[in-house]
Amino acid sequence: MYNMKGLIYGLTLLGAFSMVSCDETARLAKELPGSWAGTPENFTDNASVTATIIESIDISSNPDMMPKGVHGGTLTIAGMLSANTQIVGQPGFVEPLGLTVSGRSTISGTWTVIDDDEVAVSLDPSTLTVSVDPDAVVVNGVITEMNGPRVDSIKPSVASAIGQSLKMALVNRYSAIRKLDDVKIKGPLMKFEIGDTDYVFTRQSAAQ
């Protein structure tokens, strides 16, 4: 009789725990959707380009695409990019040219709440796009009347090359994102960890 009472008590606790856990995952899934803005971060292609990215995440809830009882949806990460590099050996230039470029990136994927403070993320590398505007290439060097036209002529190729370098660096960056740990949303702030790195994002707007 005692064992039966103990079994019933244990099952009751298990059921209560499951209900609380389900409520917490549902709560997190309800708070996530919307637009979130991050802070500047440095990254590199491990070669010659160093860059800064400011990311914004648009999170949407899509219950129709999820199995019953699973909370998740789609997300898109957009990045504002700024990069610096140097090129040497250009005809008409005695010194190396310092280059600064700006651009944008986007990548899309899905998210699923797997615990009360954990979110699984799957980003699709085939959706990654990186664009660098040739007109936004700024050349830092000794510019003269003789080499000035040369500067303008190399901007498109420079923008293309740096764009490819940035894309490779972002492929590495986003392939490492599998899960958001220790997710906490309080007021307009969302905090989480990826690996051993802490992130803070600020809500820009709630989901419509």
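This report describes the fold, an aromatic cluster, the largest pocket and several single residues of one predicted model.

## Overall fold

The protein chain of this predicted model has a secondary structure that comes to two helices and ten strands. Followed along the sequence, these elements come in the pattern α-β-β-β-β-β-β-β-α-β-β-β, and two of the elements that return below are helix α2, which covers residues 148–175, and strand β8, which covers residues 179–186.

The chain has 208 residues, and buried residues make up 34% of them. When the contacts in the chain with a separation of 6 or more are considered, 61% of them are accounted for by residues that stand 24 or more positions apart.

## The aromatic cluster

A pair of aromatic rings is described by two values, namely the distance of the centres and the angle of the planes. The structure holds two aromatic pairs. In one of them, F192 and Y199 are stacked, with 5.5 Å from centre to centre and 20° between the planes. In another, F192 and F201 are stacked, with 5.6 Å from centre to centre and 20° between the planes. Ring pairs thus link F192, Y199 and F201 into a cluster.

Are the residues of this cluster buried or exposed? F192 counts as buried because its relative accessibility is 3%, which is under the cut-off of 20%. Y199 also counts as buried, because its relative accessibility is 15%. As for the remaining ring pair, both F192 and F201 are buried.

## The largest pocket

The largest pocket has a volume of about 270 Å³. There are 19 residues that line this pocket, and the closest to its centre are I77, I177, L180, F192 and I194. F192 therefore appears in this list as well as in the ring cluster with Y199 and F201.

Which elements give two or more residues to the lining of the largest pocket? They are the strands β3 (50–61), β4 (72–87), β6 (118–132), β9 (189–194) and β10 (197–206), together with helix α2. By class, the lining of this pocket has 17 nonpolar residues, two charged residues and no polar residues.

## Three residues of helix α2

R173 is found in helix α2, and R173 counts as buried because its relative accessibility is 17%. The side chains of R173 and E41 are joined by a polar contact of 3.0 Å. If the neighbours within four places in sequence are left aside, R173 is in contact with E41, I53 and E55, and E41 is therefore named both in this list and in the polar contact.

K155 lies in helix α2 too, and K155 counts as buried because its relative accessibility is 19%, a value under the cut-off of 20%. A polar atom of the side chain of K155 lies 3.4 Å from the backbone oxygen of V137. Not counting residues up to four places away in sequence, K155 touches P134, V137 and V139.

K167 is also found in helix α2, but K167 is partly exposed, because its relative accessible area is 31%, a value that lies between the cut-offs of 20% and 50%. K167 and L128 are 39 residues apart in sequence, while their C-alpha atoms are 7.8 Å apart in space. Leaving aside its neighbours within four places in sequence, K167 is in contact with L128 and V130.

## Two residues in strands

I57 is found in strand β3, and I57 is buried, because its relative accessible area is 11%. The C-alpha atoms of I57 and A78 are separated by 6.5 Å, although these two residues are 21 residues apart along the chain. With the neighbours within four places in sequence left aside, I57 is in contact with G34, S35, W36, L75, T76, I77 and F201. Among these contacts of I57 is F201, which is part of the ring cluster, and another is I77, which is one of the residues closest to the centre of the largest pocket.

D182 lies in strand β8, and D182 is partly exposed, because its relative accessible area is 29%. What is the sign of phi in D182? Phi of D182 is near 50°, which is a positive value in a residue other than glycine.

Note on methods
Residues are numbered from 1 along each chain as its sequence is written. This is a predicted model: local features need pLDDT of at least 70, side-chain atom pairs count only at pLDDT 80 or more; totals for chains, interfaces and linings use all residues. Side-chain values use heavy atoms; hydrogens and water are left out. Rings of Phe, Tyr and Trp (its six-membered ring) pair if their centres lie within 6.5 Å; planes under 30 degrees apart count as stacked, over 60 as edge-to-face and the rest as tilted. Buried means under 20% relative accessible area, exposed over 50%, partly exposed in between (1.4 Å probe, protein chains only). Helices (H or I, at least four residues) and strands (E, at least two) are DSSP runs, numbered from the N terminus. A polar contact is a pair of N or O atoms within 3.5 Å; within protein, one must be able to donate a hydrogen and the other to accept it, and residues adjacent in sequence count only if both atoms are side-chain atoms. Contact means heavy atoms within 4.5 Å. On a 1 Å grid over the protein atoms alone, a cavity is a set of points where a 1.4 Å probe fits but cannot get out, and a pocket is an open set with protein on both sides within 12 Å along at least five of seven lines; lining residues have an atom within 4 Å of a point. Grid points are joined across faces, edges and corners, and a volume is the space filled by probe spheres set on the points. Ala, Val, Leu, Ile, Met, Phe, Trp, Tyr, Cys and Pro count as nonpolar, Asp, Glu, Lys and Arg as charged, and the others, Gly among them, as polar.
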